[in-house]
Amino acid sequence: MIFAIEFFRIRKEDNAHATLARVTHIASDLESAKVKARSLFDVGTLDMPQNPDGLRILDEDGNEVFFWTLGTDDF
């Protein structure tokens, strides 16, 4: 499956989300895509203008299948 991993910032005043980076990743399932997303988030290998507050994973059809923000344990 092809997944899109989006890294974003959240503006505290109005909870608006700004996408910092988007990476396409081919994985066998969502759990594999989550492992890749976590590794990119932790290592900081992407050249982003700011540090992300969270990420989301989209499936091939653009549907959000996973959402995570700093400070939550759902990863």
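This briefing describes the fold, the aromatic contacts and the nonpolar core of one protein chain. The model is predicted, with an average pLDDT of 91. Its four strands form an open antiparallel sheet in the order β2-β1-β3-β4, and helix α1 packs on that sheet. Phe 7, Phe 41 and Trp 68 form one aromatic cluster, and Phe 7 is also among the residues with the most contacts inside the largest nonpolar core.

**Confidence**

- A pLDDT of at least 70 is reached by 100% of the residues.
- Among the elements of the protein, the highest mean pLDDT, 96, belongs to β3, and the lowest, 91, to α1.

**Sheet and helix**

- In the open sheet, the strand order is β2-β1-β3-β4 and the pairing is antiparallel. The edge strands, β2 and β4, each pair on one side only.
- On average, and with direction ignored, neighbouring strands of this sheet are turned by 20° against each other.
- Helix α1 touches β1, β2, β3 and β4 as it packs on the sheet, and the direction of α1 makes about 45° with that of β1.
- Strand β1 pairs with strand β2 (residues 16–26) over 10 bridges in the antiparallel sense. Within this pairing, Ala 21 in β2 is the bridge partner of Phe 7.
- The hairpin of β1 and β2 has four residues between the strands, and Asn 15 there takes a positive phi near 65°.
- Strand β1 is also joined to strand β3 (residues 54–58), by five bridges, and the two run antiparallel. Here the bridge partner of Glu 6 is Arg 56 in β3.

**Aromatic pairs**

- The count of aromatic pairs comes to three. One of them is formed by Phe 7 and Phe 41: their ring centres are 6.4 Å apart and their planes stand at 20°, under the 30 degrees required, so the pair is stacked.
- This stacked pair links distant parts of the chain, since Phe 7 lies in strand β1 (residues 2–11) and Phe 41 in helix α1 (residues 30–43), 34 residues apart.
- Phe 7 has a relative accessible area of 0% and is buried. Phe 41 has a relative accessibility of 15%, which is under the 20% limit, so Phe 41 also counts as buried.
- Phe 41 pairs with Trp 68 as well: the ring centres are 5.0 Å apart and the planes are at 90°, which is over 60 degrees, so this pair is edge-to-face.
- Because Phe 41 lies in helix α1 and Trp 68 in strand β4 (residues 64–69), the edge-to-face pair ties together parts that are 27 residues apart in sequence. Trp 68 is buried, as is Phe 41.
- Together, Phe 7, Phe 41 and Trp 68 make up one aromatic cluster.

**Nonpolar core**

- In soluble globular proteins, nonpolar side chains tend to be buried together.
- The largest nonpolar core in this model has 16 residues, and those with the most contacts inside it are Phe 7, Leu 55 and Ile 57.
- At least two residues of this core come from each of β1, β2, α1, β3 and β4. Helix α1 supplies the largest share, four residues.
- Beyond its neighbours within four places in sequence, Leu 55 is in contact with nine residues named here: Glu 6, Phe 7, Phe 8, Ala 37, Phe 41, Phe 66, Phe 67, Trp 68 and Phe 75.

**Individual positions**

- Asp 53 is located in the loop between α1 and β3. With a relative accessible area of 15%, under the 20% limit, Asp 53 is buried.
- Residues up to four places away in sequence being left out, Asp 53 touches Phe 8, Arg 9, Ile 10, Thr 69 and Leu 70.
- Val 35 has its place in helix α1. Its relative accessibility is 59%, over the 50% limit, so Val 35 counts as exposed.
- Val 35 and Phe 75 are 40 residues apart along the chain, and their C-alpha atoms are separated by 9.2 Å.

Key. Residues are numbered from 1 along each chain as its sequence is written. This is a predicted model: local features need pLDDT of at least 70, side-chain atom pairs count only at pLDDT 80 or more; totals for chains, interfaces and linings use all residues. Side-chain values use heavy atoms; hydrogens and water are left out. Rings of Phe, Tyr and Trp (its six-membered ring) pair if their centres lie within 6.5 Å; planes under 30 degrees apart count as stacked, over 60 as edge-to-face and the rest as tilted. Buried means under 20% relative accessible area, exposed over 50%, partly exposed in between (1.4 Å probe, protein chains only). Two strands pair if DSSP finds at least two bridges between them. Contact means heavy atoms within 4.5 Å. A nonpolar core is a set of buried Ala, Val, Leu, Ile, Met, Phe, Trp, Tyr and Cys residues joined through side-chain atoms within 4.5 Å. pLDDT is the predictor's confidence in each residue, from 0 to 100. Axes are lines fitted to C-alpha atoms, for helices over the stretch in contact, and angles run from 0 to 180 degrees between N-to-C directions.
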